[in-house]
Amino acid sequence: MAIKMIVMDMDGTLYRNDKSIDPSTIEILKQCQQQGIVLVLASGRNCSDLLKVTDILDMRETGYIVGINGLEIMCLKDGSHEVEGQLDSKDASYVFKLAHRYDLKGIAFTFERFYFYVKPYHRWWNRILSFFEGKLKEIGFEGEMVNNCYLKHPDDLIEPAINKLILQDDKIVQLKPKLMSALADYDVMIVGPRWLEIMKKGISKGKGVLKVARRLGISRDEIMCFGDAENDLSMIECVKYGIAMGNAMENVKAAAYYVTDTNMQQGITKAIEHFKDELYER
């Protein structure tokens with residue numbers, strides 16, 4: 001059965017470490033589209049943040065974006081956009097109280113702004129670093145972020161709709177068992193050594209990818225998914241061709257149908273070439 005859809009995570013997968021895309025990957029993905037294969041970007045980022053990538057890959061006629069770990073889906077041809085499964089201020093308060101308990105940094109993402117909850121000394125320390133390094137260092141980010149809001153108390157956030165929640169610190173992996181237990185009512189994923197993402201239960205990239213596939217009449221056996229982190233596990237496990245990057249987390253590699261090279265060594269290109277018989281069997 002021919003592969004009819006290729007789905008790609010962004011950071012650590014389609015993106016190289018400097019956020020560029022390998023020219024060979026751009027070329028082979030354009031060739032896939034010419035053969036009638038649908039391209040889908042599946043990311044923890046907002047759909048709107050990825051529109052520039054869809055232009056680079058010439059996806060605007062047939063492509064889709066599964067954004068915010070499956071919370072939003074965008075059809076690029078008609079611009080239709082749907083959102084399902086947002087969190088609320090009660091969820092944020094609960095997660096920020098965990099951040100306070102374990103001395104972590106908490107972040108709430110909405111479509112309009114980022115809300116940060118950290119103990120005061122973290123903010124003062126970042127201001128000191130900003131002064132000596134000559135650039136703004138935000139909590140969890142580098143560079144200047146717009147529309148930030150810093151909360152003094154875990155219960156201060158009253159935004160009605162939150163896309164995802166983050167806990168961030170060097171201690172995340174060490175604290176994983178305790179955090180997973182405390183967050184059992186949510187879908188929780190480590191996407192980096194310092195970064196844990198929290199979604200409403202049942203919201204995942206895998207669910208979003210399958211929703212797009214149903215629209216197009218494409219089966220699980222006709223989908224190839226690429227990823228490297230725990231928020232990619234759901235889509236790697238739910239399709240036949242789940243491909244882990246060579247730089248992927250070990251549990252992602254263990255779940256994959258195939259492990260390709262790293263994001264720095266043309267991993268997507270090499271996997272497509274490896275499965276070219278299944279891709280071009282039209």
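How many bridges pair strand 1 (residues 5-8) with strand 2 (residues 38-42), and in which sense, parallel or antiparallel? Four bridges, and the sense is parallel. The legends below go through this and other spots in what is a predicted model.

**Figure 1. The whole protein, before zooming in.** We're looking at a predicted model with eleven helices and 14 strands. Of its 282 residues, 53% count as buried. Take the contacts between residues at least 6 apart in sequence: 61% of them join residues at least 24 apart.

**Figure 2. An open sheet built from eight strands.** Read across the sheet and the strand order is 5-4-3-2-1-12-13-14, with mixed pairing. Strand 5 (81-83) and strand 14 (258-259) sit at the edges; each has a single partner strand, so one side of each has no neighbour in the sheet. Inside the sheet, look for strand 1 next to strand 2, where the two run parallel. A handy landmark there is Val7, which stands opposite Val40 of strand 2.

**Figure 3. Two helices that pack against the sheet strands.** Helix 7 (residues 205-216) packs on the sheet and touches six strands: strand 1, strand 2, strand 3 (64-67), strand 4 (72-75), strand 5 and strand 12 (223-227). The direction of helix 7 makes about 155 degrees with that of strand 3. Helix 10 (residues 267-274) lies across strand 1, strand 12, strand 13 (241-244) and strand 14. Against strand 12, helix 10 runs at about 155 degrees. Strand 1 and strand 12 turn up in the list for helix 7 and again in the list for helix 10.

**Figure 4. Cys47, tucked into a loop.** Find Cys47 in the loop between strand 2 and helix 3 (51-56). Is Cys47 buried or exposed? Cys47 has a relative accessible area of 0%, so it counts as buried, the cut-off being under 20%. Leaving out residues up to four places away in sequence, Cys47 touches Ile65, Gly67, Glu72, Ile73, Met74 and His81. His81 is 34 residues from Cys47 in sequence, yet their C-alpha atoms are 8.9 Å apart in space.

**Figure 5. Strand 9 (residues 164-168), a mostly covered strand.** Five of the five residues in strand 9 are buried. Lys164, Ile166 and Gln168 point one way, while Leu165 and Leu167 point the other way. Strand 9 has antiparallel pairing with strand 6 (residues 105-109), through five bridges, and with strand 11 (residues 195-200), through four. To get your bearings, pick out Ile166, the bridge partner of Ile107, then Leu167, whose bridge partner in strand 11 is Leu196. As a reminder, strands of a sheet pair through backbone hydrogen bonds, either parallel or antiparallel.

**Figure 6. Helix 4 (residues 89-102) packed against helix 6 (residues 172-182).** The two helices pack at an angle of about 150 degrees, with their axes 12 Å apart. That angle is over 145 degrees, and helix 4 and helix 6 are therefore roughly antiparallel to each other. The crossing of the pair is right-handed. Helix 4 brings Tyr94, Leu98 and Tyr102 to the contact, and helix 6 brings Leu175, Lys178, Leu179 and Ala182. By type, the contact residues split into six nonpolar, no polar and one charged.

Notes: Residues are numbered from 1 along each chain as its sequence is written. This is a predicted model: local features need pLDDT of at least 70, side-chain atom pairs count only at pLDDT 80 or more; totals for chains, interfaces and linings use all residues. Side-chain values use heavy atoms; hydrogens and water are left out. Buried means under 20% relative accessible area, exposed over 50%, partly exposed in between (1.4 Å probe, protein chains only). Two strands pair if DSSP finds at least two bridges between them. Axes are lines fitted to C-alpha atoms, for helices over the stretch in contact, and angles run from 0 to 180 degrees between N-to-C directions. Angles under 35 degrees count as roughly parallel, over 145 as roughly antiparallel, 65 to 115 as roughly perpendicular and the rest as oblique. A crossing is left-handed if the near helix is turned anticlockwise from the far one by less than a right angle, and right-handed if clockwise. Contact means heavy atoms within 4.5 Å. Ala, Val, Leu, Ile, Met, Phe, Trp, Tyr, Cys and Pro count as nonpolar, Asp, Glu, Lys and Arg as charged, and the others, Gly among them, as polar.
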